[in-house]
Structure formats: structure tokens, C-alpha cells
Amino acid sequence: MTPWQAAILALVQAVTEFLPVSSSGHLILIPRFLGWSDQGLEFDIATNTGTLAAVMLYFRAEVARMARGFRPSFSATGRASNLDSRKLYALAWGTIPAGVAGLAIKDWVGEYGREPRLIAATAIGYGLLLIVADRVGAKGRKEGEIGRREALLIGCAQALALVPGTSRSGITMTAALFLGFSRGAAARFSFLLSIPIGLLVAGNQLKDVLRGASLGVPPFAVAIGITVAALAGYAVIAFLLGWIRRRPLAPFGWYRVALGLALLLLFHG
């Protein structure tokens, strides 16, 4: 892998991680279209560490407040009087389904999940679901109204994103919209929900590397990937939060449908 390839793939990761169009799907397809060797799941996870840094930096003040609300989050009384404690409590419950599913199917995703026709099907199916949710689901519920039930349901949706082409941000925002949350609340909770699972995934990869596992690409490529993904990811978060204040999410859903149909035509054999 060349530095140029690492930078391009990291930029794709950053743009598609936060926009509801599927980062994993694009990271699998871009090398195929450009004639590059597949970079492998481990490099994709490394670039995800860059976008994790971006979301933690963008929401740094909120993350700091939630850290201070850690102890009150364990009691119902503390959560009732502290919005940040309620958010932390919700994030914890929302992370459980994806954490369990990730441990269960990581090997399957690495071996079978990079099939273009699978990506096409998930891109179309969940793209249409996003369009419907954006039209009929968006109401006015706020982040502070996300309790254990809502967090678990959104977390179950996040677990579906382990299958490439689904889009973690897309499916979690879709679930939140169907639960009646505003676009802004859905997007912000989706971004914050990426932090716990991102830390778990990054920590697991670091543990594997320390035990001698290979990332499949040179160290310089990993460094470039993380850096580019972090810088670009920060900009994309700001862009999407600005977008949804004035515009619907449906265009991203239609993009997914068009992408899926194009993939079915290209890989119909």
C-alpha cells in the first residue's frame, strides 16, 4: 500500500463513517474499482480509530461532562438530576448489543462480509428504510429523553451495521427517527454512540498487535490512515450537523439505493 492509497482510503472512511452511506461498504468497493489490492479488515479498523478521535475531539466538552457524570449515572436519583449522567447511562446500554454481536461475528465479517452483492442488498434495503424514517419518523423528542429502552433499540440497530453496507450512522439514526427523535438528536446520539464501541474495537486491535498480530499493511500506512481520517472526520461531523438543521436525510438514502443498483449491475454474474 502506498501513502497515496492510505490517504484516499482514510478520506473515504472519514466521509462515509458519519454520513449515513456505509463506510465499510465504500472501503471494500473503492479498491475494486481502482484496481488496488483489498486493504483488509484490520486497516479499516485502524482508520476507524481516526474517526473515533474526530468524534471525541468534536464533542470534547460533552465527553468531559459525561465523564464527570460517571458516578451519578449509577443511581436513578443521580440520572434524574444530571442530563450528562443520563446520556452516559444511555450510551452504556446502547453499546451492549453491538459489543456482543461484534465478538460473535467478527471472523464471519472478515471472511464473507466483503461480497459486493451483499453490500448492494444492504445499501438498498437500509437506504429505503432511512428514507421512510426521515419522512414519517422524525418528531421532536430530544436527546435527554433517550432512556434504557430507546438506547437498547438503537443499540440493536447499531449491531446490524457490523454487516458491510448497512452504515452504522445510518441505521442508528433510522432507529432513532422511528422512535420519534428529531434529526439533530438522532445524529448527535449516533455520533456519541460510536465512541464506546470504537474504544472497544481499537483496544481489541491494539491488544492483538501487542501479541504480534499483523495489520496487513505497513506502519506508515496505518499512521497516515488514522491522521487523515481524524482530520477529515471532524469536518464531516460539522457538515452533517449543519445539513440536518436545514435539510432532510432522504438524499443520502437515495444515494444508497443508486449505489446498490449500480453494484448489482456491475457484479450480477
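Here are some questions and answers on a predicted model, covering helix packing, salt bridges and a few single residues.

Q: At what angle do helix H8 and helix H10 pack?
A: H8 covers residues 148-160 and H10 covers residues 183-210. Their axes sit 12 Å apart. As for the packing angle, the value is about 70°.

Q: Are H8 and H10 roughly parallel or roughly perpendicular to each other?
A: Start with the angle between the two, about 70°. Angles of 65 to 115 degrees count as roughly perpendicular. H8 and H10 are therefore roughly perpendicular.

Q: Is the crossing of H8 and H10 left-handed or right-handed?
A: Two packed helices are described by the angle between their axes and the distance between the axes. Handedness is a further label for this pair: H8 passes H10 in a crossing that is right-handed.

Q: Which residues of H10 are met by H8?
A: On the H8 side, the contact involves Ala 151, Ile 154 and Gln 158. Their partners in H10 are Phe 189, Leu 193, Ser 194 and Ile 197.

Q: How many residues of the contact of H8 with H10 are nonpolar?
A: No charged residues take part in this contact. Two of the residues are polar. The nonpolar count is five.

Q: How many salt bridges does the structure hold?
A: Side chains of opposite charge can pair when their charged atoms come close. Glu 143 with Lys 87 is one such salt bridge, and Arg 183 with Asp 134 is another. For the structure, the total is 10.

Q: How many residues apart are Glu 143 and Lys 87?
A: The closest N and O atoms of this salt bridge are 3.9 Å apart, and the cut-off is 4 Å. Glu 143 sits in the loop between helix H7 (116-137) and H8, while Lys 87 belongs to helix H6 (residues 83-112). So the pair links distant parts of the chain, with a separation of 56 residues.

Q: Is Lys 87 buried or exposed?
A: Its salt-bridge partner Glu 143 has a relative accessible area of 13% and is buried. Lys 87 comes in at 11% relative accessibility. Buried means under 20%, so Lys 87 is buried.

Q: Which helices does the salt bridge of Arg 183 with Asp 134 tie together?
A: The closest N and O atoms here are 2.6 Å apart. The two residues are 49 residues apart in sequence. Arg 183 lies in one helix and Asp 134 in another, so the parts tied together belong to H10 and H7.

Q: Which residue of the Arg 183 and Asp 134 pair is buried?
A: Arg 183 has 25% relative accessibility and counts as partly exposed. Its partner has a relative accessible area of 6%. Under 20% means buried, so the buried residue is Asp 134.

Q: Which residues are joined into one network by salt bridges that share partners?
A: Not to be skipped is the salt bridge of Glu 150 with Arg 141, at 2.9 Å from N to O. In that pair, Glu 150 is buried at 10%, whereas Arg 141 is partly exposed at 22%. The network joined by shared partners is Glu 62, Lys 87, Glu 143 and Arg 188.

Q: What is the phi of Ser 167 near?
A: Most residues other than glycine have a negative phi. Ser 167, in the loop between H8 and helix H9 (168-178), has a positive one. Ser 167 is also buried, with a relative accessible area of 3%. Its phi is near 80°.

Q: What is the relative accessible area of Gln 13?
A: Gln 13 is found in helix H1 (residues 3-18). Beyond four places in sequence, Gln 13 touches several residues, among them Leu 27, Asn 48 and Ala 229. Gln 13 is buried, with a relative accessible area of 1%.

Q: How far apart in space are Thr 122 and Thr 166, C-alpha to C-alpha?
A: Thr 122 is found in helix H7 and is buried at 10%. Its contacts beyond four places in sequence include Pro 164, Thr 166 and Arg 256. Thr 122 and Thr 166 are 44 residues apart in sequence, but in space the separation is 5.3 Å.

Conventions. Residues are numbered from 1 along each chain as its sequence is written. Side-chain values use heavy atoms; hydrogens and water are left out. Axes are lines fitted to C-alpha atoms, for helices over the stretch in contact, and angles run from 0 to 180 degrees between N-to-C directions. Helices (H or I, at least four residues) and strands (E, at least two) are DSSP runs, numbered from the N terminus. Angles under 35 degrees count as roughly parallel, over 145 as roughly antiparallel, 65 to 115 as roughly perpendicular and the rest as oblique. A crossing is left-handed if the near helix is turned anticlockwise from the far one by less than a right angle, and right-handed if clockwise. Contact means heavy atoms within 4.5 Å. Ala, Val, Leu, Ile, Met, Phe, Trp, Tyr, Cys and Pro count as nonpolar, Asp, Glu, Lys and Arg as charged, and the others, Gly among them, as polar. A salt bridge is a side-chain nitrogen of Lys or Arg within 4 Å of a carboxyl oxygen of Asp or Glu. Buried means under 20% relative accessible area, exposed over 50%, partly exposed in between (1.4 Å probe, protein chains only).
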